[in-house]
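Colleague: I would like a close look at one part of this model, taken slowly and with the details joined up. Please start from the turn I ask about below and work outwards from there.

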Amino acid sequence: MSLILGGLVITSCSDDDNFNTPPVDNNNITAIAYKTENLSILAQALTKTNLDGTLRAKGSYTVFAPTNTAFTTFLNANGFANLDAVPTPVLKEILLNHVVSGALQSSSLTTGYVKTLAKGNASSTNTLSMFINTSSGVRLNGVASVTTANVLATNGVIHVVDAVIGLPTIVTHATANPNFSTLVETLTSAGQPDFVSILSGTGPFTVFAPTNTAFSNLNTELAPGGIAGVSSSNLTKVLQYHVVSPANVLSSTLTNNLSVTTILDQNFTVNLNPARITDVNARVSNITAVDVQCSNGVIHVLDKVLLPNF
């Protein structure tokens with residue numbers, strides 16, 4: 001109904017008019033990326049992969065957001081002329097590798113593994129793991145550091161990082177976690193095959209990874225010569241005895257008394273409750289952590305080094 005009073009037109013409004021339209025959310029994760037100059041390439045990448053809608057919608061996410069400089073470095077290092085040159089499926093997985101479910105402010109970040117939303121290339125239903133190291137600032141997968149924390153959004157939180165976090169391989173996670181430093185040192189020691197190239201390959205690999213303490217205990221066990229007294233060829237056998245391929249064996253598929261064949265073509269036995277491994281020398285190692293998912297396989301953590309027949 002309209003009333004005309006002295007040339008002024010007054011039109012009645014129903015409940016369906018714009019007065020009841022919800023306000024536009026200009027502070028969701030996508031909106032913040034779009035209006036932050038140093039995150040403009042991230043904003044372009046979200047649009048290219050159709051993830052802008054995901055990070056605009058209701059939900060709760062933690063996004064580790066690479067700066068423009070980080071993206072430029074990543075593109076140059078991987079031979080891409082620009083963002084458009086990156087295949088969309090590849091770019092989408094890389095972006096998802098920067099997203100964690102739940103809003104984790106910096107005070108909630110602790111040293112250990114979290115799951116991202118990426119799946120990568122491994123033949124697995126398991127999403128990729130990210131190793132967060134808070135011993136000095138916040139370091140992610142050993143390649144990126146948080147430079148600005150706790151940019152709050154209506155659907156989560158953004159932490160700005162100084163590098164693009166690529167899809168992690170077995171080697172990435174081995175080198176990122178300081179508890180595997182002795183393993184890495186052993187894998188790269190003189191006289192060994194190029195394990196770095198091998199375990200950076202397509203795989204998939206399942207690696208049962210001994211911790212630093214496991215190697216320290218082995219050194220004591222092999223006294224007086226210790227690990228240094230093990231020949232290079234036998235050390236190669238020890239390392240090969242911890243790898244299964246081609247396979248991405250998740251803990252959920254392990255069964256009691258399961259015999260597992262390694263790339264050394266020697267077996268060990270898995271038992272459950274508690275989860276442990278018995279090697280061919282009847283030595284028992286506990287499985288202390290499971291399902292560290294990489295793009296080319298999975299890592300399970302051991303508290304004792306397995307020894308094959310030499």
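How many residues lie between strand 12 and strand 13 in their hairpin, and which residue in the turn has a positive phi?

Modeller: Please bear in mind throughout that this is a predicted model. The hairpin of strand 12 and strand 13 has 5 residues between the two strands, and the residue in the turn with a positive phi is Asp-265, at about 65°. Strand 12 and strand 13, the latter made of residues 267-271, run antiparallel and are joined by 4 bridges; within this pairing Ser-259 has Thr-269 of strand 13 as its bridge partner.

The chain then enters a further hairpin, formed by strand 13 and strand 14, in which 4 residues separate the strands and Asn-273 takes a positive phi near 55°. Here too the strands run antiparallel, with 3 bridges between strand 13 and strand 14 (residues 276-278), and Val-270 finds its bridge partner in Ile-277 of strand 14.

Both hairpins belong to a wider arrangement, an open sheet of 7 strands with mixed pairing, whose order is 11-10-16-15-14-13-12. Strand 12, residues 258-261, is one of the edge strands and strand 11, residues 243-244, is the other, each of them pairing on one side only. Further along the sheet order, strand 15 (residues 284-294) pairs with strand 16 (residues 297-302) in the antiparallel sense, over 5 bridges, and Ala-289 has Val-301 of strand 16 as its bridge partner.

The stretch around strand 14 also brings in the salt bridges, of which the structure holds 2. In one of them the side chains of Arg-283 and Glu-221 meet at 2.8 Å, N to O. This pair links distant parts of the chain, since Arg-283 sits in the loop between strand 14 and strand 15 while Glu-221 belongs to helix 8 (residues 212-221), the two being 62 residues apart. Arg-283 counts as buried because its relative accessible area is 11%, which is under the 20% cut-off, whereas Glu-221, with a relative accessible area of 41%, is partly exposed. The side chain of Arg-283 also meets that of Asp-279 in a salt bridge of 2.5 Å, N to O, and both of these residues are buried. Through shared partners, the salt bridges join Glu-221, Asp-279 and Arg-283 into one network.

For a point of reference away from this region, one can turn to strand 8, residues 144-153, where Ser-145 is placed. The side chain of Ser-145 makes a polar contact of 2.8 Å with that of Arg-139, and, when residues up to four places away in sequence are not counted, Ser-145 touches Val-138, Arg-139, Val-160, Val-161 and Asp-162. Asn-150 lies in strand 8 as well, and Asn-150 is partly exposed because its relative accessible area is 27%, a value between the cut-offs of 20% and 50%. Leaving aside neighbours within four places in sequence, the contacts of Asn-150 are Gln-105, Ser-106, Val-157, Ile-158 and His-159. Between Asn-150 and Val-292 there are 26 Å in space, C-alpha to C-alpha, and a separation of 142 residues in sequence.

Conventions:
Residues numbered from 1 in each chain as written. Predicted model: local features only at pLDDT ≥ 70, side-chain atom pairs only at ≥ 80, totals over all residues. Heavy atoms only, no water. Pairing = 2+ DSSP bridges. Polar contact = N/O pair within 3.5 Å; in protein donor to acceptor, adjacent residues only side chain to side chain. Contact = heavy atoms within 4.5 Å. Buried < 20%, exposed > 50% of the residue type's maximum accessible area, 1.4 Å probe, protein only. Salt bridge = Lys/Arg side-chain N within 4 Å of Asp/Glu carboxyl O.
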